[in-house]
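Visitor: I am new to this structure and would love a close look at a single part of it. Could you walk me through one place where two parts meet?

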Amino acid sequence: MVLAPLKASALTAGPAACANLTNYLGSSKVNSNQLSLQYINTREDYWNAVQSNYAPSCIIYPSSAQDVSVALQGIRAARSRFAIKAGGHNPNTYFSSVDAGVLIDLGSMTDMLYDSETTLATYEPGSDFGHLYNYYVQFNRTVVGARLAGVGTGLALGGGLSFLSPQYGMACDGFRELEVVLPSGEIVTASNTNNPDLFFAMRGGGGNAYGVVTKYTVQSRQIGEFYAGNIIYLFNQTTAVAEAIQNFIQYNDNPKASIIGTYEMLPTPSLGLDLDRAVIMFLVHDGPDAGDVFQNFTKIPSLINTLGIKTYPEVANMPISMETELSRGDNIFRVGVHRIGDGSYMTALNNWFNWAESNKGSYVLSSIDFQPIPRSLTDASKSQGGNAMQMPDGPWFWVNYLISTPPGMSQEDYNAAQASFRELVANTTNAEGLPLFINDASYDQNPLSTFSTYSKLQGIKKKYDPDNFFADYTGGWSFE
Ligand SMILES: Cc1cc2nc3c(=O)[nH]c(=O)nc-3n(C[C@H](O)[C@H](O)[C@H](O)COP(=O)(O)OP(=O)(O)OC[C@H]3O[C@@H](n4cnc5c(N)ncnc54)[C@H](O)[C@@H]3O)c2cc1C
């Protein structure tokens, strides 16, 4: 994302906000020392490593909603740029990163609770989902969240697609009450009865737009054993796997079964052996007996098959634990959305495949992931009141495209690689009437404008951010 160059006043606004906030919050919660371990850890901890180049004037580590409120008021008074960071996995620059401004790192807010009477789970925003799953599994419960352990809680504000979503809807569908610090600094609750418009927008209408969530109360779900694993195929099985995935998207009606199909390409030459590419399936069944639900995948000859009984935390660490950390790099996502049965699956796959073959010099990894949205998911969403996407009935699917560019690439080459990647995705026409997935979108895809609720969200944004404080001083989705 390109922001206008900072004016002299903007360059001094960050340090001014930091000096003021150090007085209010104390030096244990405001760190301006770029050489300290705490500052370095926060700055390094982005999945898109490009964001680690930015140097915030200071990093605030709030421990309560009150601290966040003070921070926002101090930032506003100094007219400083800022960013709110939870897990740091959104690849869009300036969404949870800031240069010469104030970074609010929510990572110290890690309280979590389970209420066995109501079966509600309450958690603060600073843990990643792996930590939440590890905690709730002791009650044989979980919260609906990321498929990979390392992703942060900002995921749910963008909807949140989980292996459990075909049963329970998106992560945001499970919200029951949120504690929110508004752009004004006021601390409010949002639920079906309190500030219901805010509650609606925060269920999948994006983070860092309407306020900062400092506490999530969500419906927890019962879990036990899973039958789950990865199957890795050589690329000569592409056609068979593509058929199995399409068949699953279109016909699977078992909500306990969930998949992601991912095709990966490395920059090394194929050498006629297809050693530069692989297809990796994630297959997850909630319950130890999956019956024959994955047989279309298991009957295809494969290189590796790790299907077996797993706990939920083990499922979130497939294929290897720490995957989100290990896959850190100069990573950018883009997203597409399609209906099944109209040929668009193969169009998207072939377009990506041709692009990946002819752009070998410009990435260290490229992948395309197919993510089914079954009817059971959209029904589960509706039965809990629906979310900001008001998801039309499944089946349909989201496509996530990834490019990871070589570190140290010149800005010119980086821009050219991103432009070509943008063109690849833009040239693969999306289905009409379906929402682009915020969590997989690039900032320039304007995903909110694809929601049927867009004008309603624009109104809610205006109401809760009336003087454009968030709109003007932090990155995020466009409401224009
Ligand atoms: C390896 C990987 C795996 C992924 N897997 C999944 C998946 O299974 N399902 C899925 O749906 N998505 C997935 N995603 C996408 C992911 O959901 C988004 O990148 C999401 O934005 C990450 O949230 P975060 O807290 O880690 O990131 P951050 O970058 O810290 O936050 C994301 C956005 O939300 C804002 N935000 C965060 N917390 C708050 C808050 N408390 N209040 C207000 N604003 C806030 C931030 O400012 C930022 O704009 C994955 C991404 C990666 C890189």
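**Where two domains meet**

Guide: Happily! Domain 2 and domain 3 bury about 2800 Å² between them, with 61% of it on carbon and sulfur atoms; buried area is the accessible area (1.4 Å probe) that two parts lose on being put together, summed over both. In domain 2, the residues that lose the most area to domain 3 are Phe163, Pro166 and Gln167, together 25% of what that side buries.

A word on the model: it is predicted, so local features need pLDDT of at least 70 and side-chain atom pairs pLDDT 80 or more, while totals for chains, interfaces and linings use all residues. Residues are numbered from 1 along each chain as its sequence is written, and side-chain values use heavy atoms, leaving out hydrogens and water.

Domain 2 covers 112–222 + 458–463 and domain 3 covers 226–446, with bounds from an automatic or database domain assignment. Their C-alpha centres lie 24 Å apart. The contact (heavy atoms within 4.5 Å) takes 35 residues from domain 2 and 37 residues from domain 3.

What holds polar partners across this interface? There are 13 residue pairs in polar contact, both at pLDDT 80 or more; such a contact is a pair of N or O atoms within 3.5 Å, where one must be able to donate a hydrogen and the other to accept it, and residues adjacent in sequence count only if both atoms are side-chain atoms.
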